[in-house]
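Trainee: Could we go through this structure together? I would like to understand the reasoning behind each label.

Mentor: Gladly. Ask away as we look at it.

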Amino acid sequence: MAATASEVLRREGRPPAGGIVVGPAQASTPDPALVYLSGDHPEPGIRSLAAAEALARITPKITGEDEVLVLLSGGTTSLIAAPETGVTSAELSVIYSLLLGS
């Protein structure tokens, strides 16, 4: 999805200015302006937490003048995951395990 979006934007003369792509395995970035991160799947783990932290660092930099594309597919809730305040990452893992088993 990111590769196609980048390609279309470049053809339109609007190349990506930056961003992140998160997938389940290590891969190369589809565009030099994008950073590729690996998340964990089907249950969130340390890489999923790192991806969520990266997203949290990027979003405050977005201004009202920026055009933002958000492309989501199945598995995103695991690939980019962080627990709510008061929930530990271990508890989050248990929650996902219970949901997957239901």
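**Reasoning from values to labels**

Mentor: Let's begin with Asp40, which touches Gly45, Ile46, Arg47, Ser48, Ser78 and Leu79, leaving out residues up to four places away in sequence. Keep in mind that this is a predicted model. Asp40 sits in the loop between S2 and helix H2 (46–58).

Trainee: Why is Asp40 called buried?

Mentor: Its relative accessible area is 15%, and buried means under 20%. The value falls under that cut-off, so Asp40 counts as buried.

Trainee: What makes the approach of the Asp40 side chain to the backbone nitrogen of Ile46 a polar contact?

Mentor: The distance is 3.3 Å, and the limit for such a pair of N or O atoms is 3.5 Å. The pair is within that limit, so the distance condition is met.

Trainee: The next residue along is His41. Is His41 buried, exposed or partly exposed, and how do you know?

Mentor: His41, in the loop between S2 and H2, has a relative accessibility of 47%. Buried needs under 20% and exposed needs over 50%. The value lies in between, so His41 counts as partly exposed.

Trainee: And which residues is His41 in contact with, leaving aside its neighbours within four places in sequence?

Mentor: They are Pro24, Gly75, Ser78 and Leu79. You can also look at Thr77: His41 and Thr77 are 36 residues apart in sequence, while their C-alpha atoms are 9.0 Å apart in space.

Trainee: What kind of peptide bond joins His41 and Pro42?

Mentor: A cis one, with omega at about 15°. Pro42 is also placed in the loop between S2 and H2. As background, most peptide bonds are trans.

Trainee: Let's turn to helix H1. Which residues of H1 (residues 2–11) are buried?

Mentor: Ala2, Ala5, Ser6 and Leu9.

Trainee: How do you know that they are on the same side of H1?

Mentor: They cover an arc of only 100° around the axis, and therefore they lie on the same side of H1. The face turned away from that buried side carries the exposed residues Thr4 and Arg11.

Trainee: What do the buried residues of H1 pack against?

Mentor: Strand S1 (19–23) and S2. After H1 comes Gly13, with a positive phi near 75°. For comparison, most residues other than glycine have a negative phi.

Trainee: Why is Asp31 called buried?

Mentor: Asp31 has 2% relative accessibility, and the cut-off is under 20%. The value is under it, so the label is buried. Asp31 is in the loop between S1 and S2.

Trainee: Which side chain does the side chain of Asp31 make a polar contact with?

Mentor: That of Ser6, at 3.4 Å. The limit is 3.5 Å, so this distance qualifies. Not counting residues up to four places away in sequence, Asp31 touches Ser6, Arg10 and Pro16.

Trainee: And Leu34: what makes that residue buried?

Mentor: Its relative accessible area is 11%. Set against the cut-off of under 20%, that value makes Leu34 buried. Leu34 is found in strand S2 (residues 34–38). Leaving aside neighbours within four places in sequence, Leu34 is in contact with Ser6, Pro16, Gly18, Gly19, Val21 and Thr29.

Trainee: Now for Glu67. Is Glu67 buried or exposed, and why?

Mentor: Glu67 has a relative accessible area of 58%. Exposed means over 50%, so Glu67 is exposed. Glu67 is in the loop between H2 and helix H3 (76–79), and its side chain makes a polar contact with the side chain of Arg14 at 2.6 Å.

Trainee: Stepping back, how many helices and strands does the protein chain have?

Mentor: Four helices and two strands, and along the sequence the pattern reads α-β-β-α-α-α. Of the 102 residues, 25% count as buried. The C-alpha trace spans about 45 × 25 × 20 Å along its principal axes.

Trainee: And how many positive and negative side chains are there?

Mentor: The protein chain has 6 positive and 11 negative ones, and the centres of the two sets lie 8 Å apart. The chain exposes about 6,900 Å², with carbon and sulfur atoms supplying 60% of that.

Technical notes:
Residues are numbered from 1 along each chain as its sequence is written. This is a predicted model: local features need pLDDT of at least 70, side-chain atom pairs count only at pLDDT 80 or more; totals for chains, interfaces and linings use all residues. Side-chain values use heavy atoms; hydrogens and water are left out. Buried means under 20% relative accessible area, exposed over 50%, partly exposed in between (1.4 Å probe, protein chains only). Contact means heavy atoms within 4.5 Å. Accessible areas come from the Shrake-Rupley method with a 1.4 Å probe; for residues, only the protein chains shown count as cover. Lys and Arg count as positive and Asp and Glu as negative; His and the chain ends are not counted. The place of a charge is taken as NZ of Lys, CZ of Arg, CG of Asp or CD of Glu. A polar contact is a pair of N or O atoms within 3.5 Å; within protein, one must be able to donate a hydrogen and the other to accept it, and residues adjacent in sequence count only if both atoms are side-chain atoms. The arc is that of the directions from the helix axis to the C-beta atoms.
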